Amino acid sequence: MKYINDPGRMQIEIIKKTYLIASIPILYSLISGNFESLLGFIFGLVISTLILRLRVINIQKALDMSEGKAETFIRNRYFIEYGIYFVVLVVARKNPSLNFLATAVGLFMMKFTVIMWAILDMARGGLNKKLEEYKDLKDDKIEKGGK
Amino acid sequence: MVEFSPQVIDTIIRAAALLGAGFAMIAGIGPGIGQGYAAGKAVESVARDPEARGNIITTMLLGQAVAESTGIYSLVIAIVLIFTI
């Protein structure tokens, strides 16, 4: 990953990529006129973005604490975030203008993007390695042929 | 053979669904413990090598984002079980 040393930049990149991928289902539900799914999806996506931001702040705070305190702090914050997820999903279930599954998918979009990014990065790394090996093999053959 | 009335069967189904939702919520505890443990180790790593702070924050952020998904899966299943029946 390109910006692994810069958390701020990485955060922006994750959000950009997530919204880029999310534009496909958003456009699809807009065109098909399924506004419940659209609203649910956007609701989940916005909450997931805000929780990512919250998590970065929490991690930065935790790294200034002692080991035991950081452990307890992050654990407590996780349960608070879990509570937020619970409220969001219950609201999506109860409100007839929001689609529950679309909200759940919206919440998962950030994780999906991170996983896809990591997989593509791994695949790209593997492909580059193979290409270099192939180039080296080709150069060796040319050298042998020249001799 | 014992025959149950529809009301009793309905109650059993509701009870089983709520019990299932409760069991599903157990899966939400694991990521919390794991994230806390990862945070502790991250603090240890930053203390050992303060220059790698940015790298550690990013790795931890990505790890936590992915680790949390199992908790949300269980939450979604529990809410479906609670509200559908």
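## A buried arginine and the helices around it

Glu68(B) is buried, with a relative accessible area of 1%. That is a handy place to start reading this predicted model, since an acid in such a spot raises the matter of its partner. Which residue does the side chain of Glu68(B) meet in a salt bridge? The partner is Arg55(A), with N to O at 2.3 Å. This pair crosses between chains: Arg55(A) sits in helix H2 of chain A, and Glu68(B) sits in helix H3 of chain B. Arg55(A) is buried too, at a relative accessible area of 2%. In general, side chains of opposite charge can pair when their charged atoms come close.

Stay on Arg55(A) for a moment, as its side chain also meets that of Glu81(A) in a salt bridge, here at 3.3 Å from N to O. This link ties together distant parts of the chain, with Arg55(A) in helix H2 of chain A and Glu81(A) in helix H3 of chain A, 26 residues apart. Glu81(A) has a relative accessible area of 3%, so Glu81(A) counts as buried as well, the cut-off being under 20%. Put the pieces together and you have Arg55(A) bridged to Glu81(A) within chain A and to Glu68(B) over in chain B.

How many salt bridges does the rule find across the interface of chain A and chain B? It finds three, against a count of 12 over all chains. Besides the Arg55(A) and Glu68(B) pair, have a look at Asp64(A) and Arg53(B), whose closest N and O atoms are 3.2 Å apart in another salt bridge. As for the interface itself, 39 residues of chain A are in contact with 40 residues of chain B. The area buried between the two chains is about 3600 Å², and carbon and sulfur atoms give 76% of that. On the chain A side, Leu63(A), Tyr78(A) and Tyr82(A) supply 20% of the area buried against chain B, more than any other three residues.

Leu63(A) turns up again when you move to the nonpolar packing. The largest nonpolar core has 22 residues, and those touching the most other members are Ile14(A), Ile59(A), Leu63(A), Ile74(A) and Met60(B). Both chains feed this core: helices H1 (7–32), H2 (35–62), H3 (67–94) and H4 (100–146) of chain A, along with helices H2 (29–48) and H3 (53–84) of chain B, each supply at least two residues. Which helix gives the largest share? That would be H3(B), with five residues. Now zoom in on Met60(B): leaving aside residues up to four places away in sequence, Met60(B) touches Ile59(A) and Ile74(A) from chain A, plus Ala38(B), Ala39(B) and Ala42(B). There is also a second, separate core of 17 residues, and among its members are Ala92(A), Ile72(B), Leu75(B) and Ile79(B).

Next, the aromatics. A search of the whole structure turns up three aromatic pairs over all chains. In one of them, Tyr78(A) and Phe79(A) meet edge-to-face, 5.1 Å centre to centre with 70 degrees between the planes. These neighbours have contrasting surroundings: Tyr78(A) is buried at 1% relative accessible area, whereas Phe79(A) is partly exposed at 37%. Another pair, Phe108(A) with Tyr73(B), is tilted, at 4.8 Å centre to centre and 35 degrees between the planes. Phe108(A) belongs to helix H4 of chain A and Tyr73(B) to helix H3 of chain B, so this pair joins two chains. Of these two rings, Phe108(A) is buried, at 16%, while Tyr73(B) is partly exposed, at 48%. Tyr82(A), met above at the interface, forms one aromatic cluster with Tyr78(A) and Phe79(A).

Finally, back to charges within chain A. Arg75(A) and Glu71(A) lie in helix H3 of chain A, four residues apart, about one turn of the helix, and their side chains meet in a salt bridge at 3.2 Å, N to O. Buried or partly exposed? Arg75(A) counts as partly exposed, at 26% relative accessibility, in contrast to buried Arg55(A) at 2%. Elsewhere, Arg9(A), Glu13(A), Lys16(A) and Lys17(A) are linked in a network of salt bridges. Lys17(A) also lies over the face of Trp117(A), at 4.5 Å from the ring centre.

Conventions: Residues are numbered from 1 along each chain as its sequence is written. Chains are lettered from A and ligands numbered from 1 in the order in which they are written. This is a predicted model: local features need pLDDT of at least 70, side-chain atom pairs count only at pLDDT 80 or more; totals for chains, interfaces and linings use all residues. Side-chain values use heavy atoms; hydrogens and water are left out. A nonpolar core is a set of buried Ala, Val, Leu, Ile, Met, Phe, Trp, Tyr and Cys residues joined through side-chain atoms within 4.5 Å. Buried means under 20% relative accessible area, exposed over 50%, partly exposed in between (1.4 Å probe, protein chains only). Contact means heavy atoms within 4.5 Å. A salt bridge is a side-chain nitrogen of Lys or Arg within 4 Å of a carboxyl oxygen of Asp or Glu. Rings of Phe, Tyr and Trp (its six-membered ring) pair if their centres lie within 6.5 Å; planes under 30 degrees apart count as stacked, over 60 as edge-to-face and the rest as tilted. A charge sits over a ring if NZ of Lys or CZ of Arg is within 6 Å of the ring centre and within 35 degrees of the ring normal. Buried area is the accessible area (1.4 Å probe) that two parts lose on being put together, summed over both.
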